[in-house]
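Got the model open in your viewer? Here is a short tour, one selection at a time.

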Amino acid sequence: MKELQIQTSVKVYSYDELEPELARLVDMAKAKTQDAYCPYSHFHVGAAALLADGQVITGANQENAAYPSGLCAERVTLFAANANHPNTPVVALALACYTHGHFTREVASPCGACRQVMLETETRFATPMKVILYCEEGCYVFDKASDLLPLCFAAGNLEG
Ligand code: THU
């Protein structure tokens, strides 16, 4: 038996320490929380994806009376970005969550399904995608989506 240690890395910045382009992306994710359709959870998630050409695609979670038919903000946003700009890498994705009248105080991490979709976006363009998680205590910055999903299943695994 051998035990492997799997390491990942996240940097926590204050909002003021973010480079201006990422701070603007966080602002857009925060604003987009107000467009969430979340009458069941009242948990508003906003996302903003920065493309390599400077365009920003935003999205918010979309719930459904048939609960599993809804979709998280991350996937709404990345699918829209990838469907409309299939040849343009996504270089950063900012997320913010708002509930009970305020942005979440502690970090809320993306669900597993969204991490898998983030990884696919990063893999298909072979370009690192920063992920910025905004909360009141700071901005958690992952340099690449794969840092959120160690020991992942990706395209390369299909080769056997
Ligand atoms: N949600 C997201 O949009 N992203 C996540 O990563 C986790 C959860 C949404 C789904 C649902 O509309 C609400 O938050 C509560 O789970």
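Start by selecting Glu74, Arg75, Leu78, Phe79 and Asn82 in H2, then add Ala113, Cys114, Val117, Met118, Thr121, Arg124 and Phe125 in H3: these two sets meet each other, where contact means heavy atoms within 4.5 Å. By class, this contact has seven nonpolar, two polar and three charged residues. In that scheme Ala, Val, Leu, Ile, Met, Phe, Trp, Tyr, Cys and Pro are nonpolar, Asp, Glu, Lys and Arg are charged, and the others, Gly among them, are polar.

Some ground rules before moving on. This is a predicted model, in which local features need pLDDT of at least 70 and side-chain atom pairs count only at pLDDT 80 or more, while totals for chains, interfaces and linings use all residues. Numbering runs from 1 along each chain as its sequence is written, and side-chain values use heavy atoms, with hydrogens and water left out.

**The helix pair**

Now show the whole of H2 (residues 73-84) and H3 (residues 112-125) as cartoon. Their axes come within 9 Å and cross at roughly 20°; helices (H or I, at least four residues) and strands (E, at least two) are DSSP runs, numbered from the N terminus. The axes are lines fitted to C-alpha atoms, for helices over the stretch in contact, with angles from 0 to 180 degrees between N-to-C directions. H2 and H3 are therefore roughly parallel to each other, a label for angles under 35 degrees (over 145 is roughly antiparallel, 65 to 115 roughly perpendicular, the rest oblique). Which hand does the crossing of H2 and H3 have? The crossing is left-handed, as the near helix is turned anticlockwise from the far one by less than a right angle.

**Along H3**

Stay on H3 and pick arginine 124. At 44% relative accessibility this arginine counts as partly exposed; the scale is buried under 20% relative accessible area, exposed over 50% and partly exposed in between (1.4 Å probe, protein chains only). Not counting residues up to four places away in sequence, arginine 124 touches Asn82 and Pro86. Draw a C-alpha distance from arginine 124 to asparagine 82 and you should get 9.9 Å, for residues 42 apart along the chain.

Next, click threonine 123, also in H3 and partly exposed at 37%. Its C-alpha sits 7.7 Å from that of alanine 155, 32 residues away in sequence. Then try glutamate 120, another H3 residue, partly exposed at 45% relative accessibility. Here the C-alpha partner to pick is serine 146, 26 residues apart along the chain and 9.4 Å apart in space.

**After E7**

Jump to cysteine 152, in the segment after E7. Cysteine 152 is partly exposed, at 30% relative accessibility. Leaving aside neighbours within four places in sequence, what is cysteine 152 in contact with? Select Leu119 and Asn157. The C-alpha atoms of cysteine 152 and leucine 119 are 8.5 Å apart, with their positions 33 residues apart in sequence.

**Two positive phi values**

Most residues other than glycine have a negative phi. Leucine 151 has a positive one, near 55°. You'll find leucine 151 in the segment after strand E7 (138-142), exposed at 77% relative accessibility. Alanine 126 also has a positive phi, of about 50°, although it is not a glycine. Alanine 126 lies in the loop between H3 and E6 and is exposed at 69%.

**The rings**

Finally, show the aromatic side chains. The count comes to three aromatic pairs, taking rings of Phe, Tyr and Trp (its six-membered ring) with centres within 6.5 Å; planes under 30 degrees apart are stacked, over 60 edge-to-face and the rest tilted.

Tyrosine 40 and tyrosine 67 make a tilted pair, 5.5 Å centre to centre with 45° between the planes. Tyrosine 40 is in the loop between helix H1 (20-32) and strand E2 (44-51), and tyrosine 67 in the loop between strand E3 (56-60) and H2, so the pair ties together parts 27 residues apart in sequence. Tyrosine 40 is partly exposed at 38%, and tyrosine 67 is exposed at 60%.

Then go to phenylalanine 103 and tyrosine 134: the ring centres are 5.7 Å apart and the planes at 90°, so this pair is edge-to-face. Phenylalanine 103 is in strand E5 (residues 102-103) and tyrosine 134 in strand E6 (residues 130-135), 31 residues apart. Are these two buried or exposed? Both phenylalanine 103 and tyrosine 134 are buried. For the last stop, add Tyr98, which ring pairs link with Phe103 and Tyr134 into a cluster.
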